[in-house]
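Thanks, everyone. I have one structure to go through today, so let us put it on the screen.

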2 protein chains.
Amino acid sequence: MATPEPTSLPPTKGRSGAKDVARLAGVSTATVSRVLNRSQQVDPATRERVLEAAAKLRYVPHGAARTLRSHRSKMVGAIVPSFDYALYARTTSALQQRLDERGYALVLAEHHYELAAETRIAGQLVEHGVDAFVLVGLDHEQRLFSLLQDYGRPYVLTWGVDGAQRHPSIGFDNRAATLAVTRHLVGLGHRRIGLLSAPPEGNDRARARGEGLRAGLAEAGLTLDPRHIAYAPISLAAAEAAMQQLLAAPERPTAVVATNDVFAVGAMIACRKTGVRIPQDLSITGVDNTDLGATQTPGLTSVATPITEIGRAAADQLVARLEGLPCETFQAFPVELVHRGSTAPPPSE
Amino acid sequence: MATPEPTSLPPTKGRSGAKDVARLAGVSTATVSRVLNRSQQVDPATRERVLEAAAKLRYVPHGAARTLRSHRSKMVGAIVPSFDYALYARTTSALQQRLDERGYALVLAEHHYELAAETRIAGQLVEHGVDAFVLVGLDHEQRLFSLLQDYGRPYVLTWGVDGAQRHPSIGFDNRAATLAVTRHLVGLGHRRIGLLSAPPEGNDRARARGEGLRAGLAEAGLTLDPRHIAYAPISLAAAEAAMQQLLAAPERPTAVVATNDVFAVGAMIACRKTGVRIPQDLSITGVDNTDLGATQTPGLTSVATPITEIGRAAADQLVARLEGLPCETFQAFPVELVHRGSTAPPPSE
DNA sequence: TTGTAGGCGTTATCAA
DNA sequence: TTGATAACGCCTACAA
């Protein structure tokens, strides 16, 4: 034994198994299993004895053994882009809570906006035997879809709706969100509207939200000036820097549509530092209606998205599919524009 | 078959096992195992063949089987109070990232500030076979500690330091955080300082932070007026309501120490709605130095806490203990006061 | 260096 | 309704 001996995990030290419970209750392990798995085929009296014995021994079933034999781990895997900025936290929270109620545990990981990492992590989750998957967004590597296909277990894409209905999905119309704010801005009289967004590659939400802006502009016979587009990774600092570019652009836009509240608040910070007044000099809008945006001065006009509903619905759908119950595999929830003080008519020239 | 048939999970449908890899590589399953577990005892040529075969068959080991046999699941369980408000998100993120690098998956759950729920969930994590635990805070049910004792695996408490060193812990001095802000406020001339906090029961962080305020006041020969204390659950709305009480209190405080940034921002909102100017009429401070506080107008004076360091250190410690390597089981990181615009001398009477 | 064989703790299939 | 028994897929002695 050369290595420091991996902390020799006591094989099953004091822990008692189904066998112990069976012995104490005077039944076989098969009966113990039946009782604990709520099978109806068991005499109330014996059930009682078994439960007593299990309680007395503080019996905790061995999940791995159960998984190995039954092919169900009672774990659901979720891979989200990031825990930061509370963008996905509320969805994850709702998901976890609902899964917990249904007796499932959540195995959670981040991919930091790298789809290759997402695929790799999905492989690990398969290895850990999760019964189902929750993914964020519609864009994923083909390899990931192949993996899911081979694995043959339920999965659901969230935060977007798959128009072609190729994959079960639960979300909302990201395009509609920015379309709504754009109409609002155009209605206020804005003609030069900029875009502050996450890089669109591999991020369907960012793409759809950008399209919403373009569509809204097109409705009014306007176009998106390429010089009025700035992409940045999702962080306040990066958004602030990107906004500085837009502020320095020729024919500076009178309004900026940010594809989420983090970008929008980063933009507000840039404006504060530059002395650009919101909304008198420039209007700014976000998406997701987070506390971060709502508590700014002035409050951020944003679009409320159904982030907790998505988490709950994802849990419900997956559990239903795992238990062979009927369910909706495609769900879209509405979004709603929330007016606050960050938008106003453009300054008169 | 009466019930809708639990989606008959294909036992091992197409999925290939170690046996398949062994056959294709022309070796035994033992050798496959050795190759995949980086045992040195294997001929480079055979190793190569095995890896090729594994890749060809897209072999993914069956975690449950491995766990059952090896008594190590390569999963770490973490239970945090809540995903909301990004208070614990950054710690969780750092934890997950570091665990992932080390080949461990994170099973994550919330207890919503209910310690009984925490104990229940810990039991589920035991059932799922996690190799180690990360808990937040020092306060936990005795039942939970018993459970951990029985389970006999590593665990670490975070976000606090266990002075008595009864349990491995990684955190910072919560008392010192509010002590620092209190000294700052006292130094500015404040004599009536209020407290806005989470209910202290079962929340050692809140208690320690409250004590920091009391200690800072005591240093200056001052005391905390009971009428200047307000407790609220952790949410912006609740904090706002609690702050309204403080604003309505007799001999209104000239400064309020909030035990975290969420409370502080909730307090700022209350002030805005009431026409109380910050910092001219009232100073406010937070703890945790979140983006939420930093982006307010004026910026929130707060205390930077080592939240990502905690996550990383927790992962490092647990992995080290699991692998029998040496490590620090008690770690304290420093905190740092961050001055922003929400604090100023009290108004002259 | 490699193969053989037994068992980890549970659930499922039978038969009783 | 209950019990005996055989897997589940892998790891790890031990033997070769």
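Before the numbers, one term: buried area is the accessible area, taken with a 1.4 Å probe, that two parts lose on being put together, summed over both. Keep in mind as well that this is a predicted model.

I will start inside chain A. The domain assignment gives domain 1 as 18-61, domain 2 as 73-173 + 307-334, and domain 3 as 174-304. I will stay with domain 2 and domain 3 of chain A. Their C-alpha centres are 28 Å apart. How much area is buried between domain 2 and domain 3 of chain A? The value is about 1300 Å², and carbon and sulfur atoms give 53% of that. In terms of residues, 15 from domain 2 of chain A are in contact with 18 from domain 3 of chain A.

Now the polar side of that interface. Between domain 2 and domain 3 of chain A there are 11 residue pairs in polar contact, both residues at pLDDT 80 or more. The salt bridge count between these two domains is 1. Arg207(A) forms a salt bridge with Asp139(A), with 2.9 Å between the closest N and O atoms. On the side of domain 2 of chain A that touches domain 3 of chain A, the residues divide into 10 nonpolar, 2 polar and 3 charged.

Last, the two chains. A turn of 180° with a shift of 0.1 Å along the axis lays chain B on chain A, with an RMSD of 0.1 Å. The two copies are therefore related as by a two-fold rotation axis. Of the interface residues of chain B, 100% are also interface residues in chain A, so the copies meet through the same surface.

Technical notes: Residues numbered from 1 in each chain as written. Chains lettered and ligands numbered in written order. Predicted model: local features only at pLDDT ≥ 70, side-chain atom pairs only at ≥ 80, totals over all residues. Heavy atoms only, no water. Least-squares fit on C-alpha atoms with pLDDT ≥ 70 in both. Contact = heavy atoms within 4.5 Å. Domains from an automatic or database assignment. Salt bridge = Lys/Arg side-chain N within 4 Å of Asp/Glu carboxyl O. Polar contact = N/O pair within 3.5 Å; in protein donor to acceptor, adjacent residues only side chain to side chain. Nonpolar A, V, L, I, M, F, W, Y, C, P; charged D, E, K, R; others polar.
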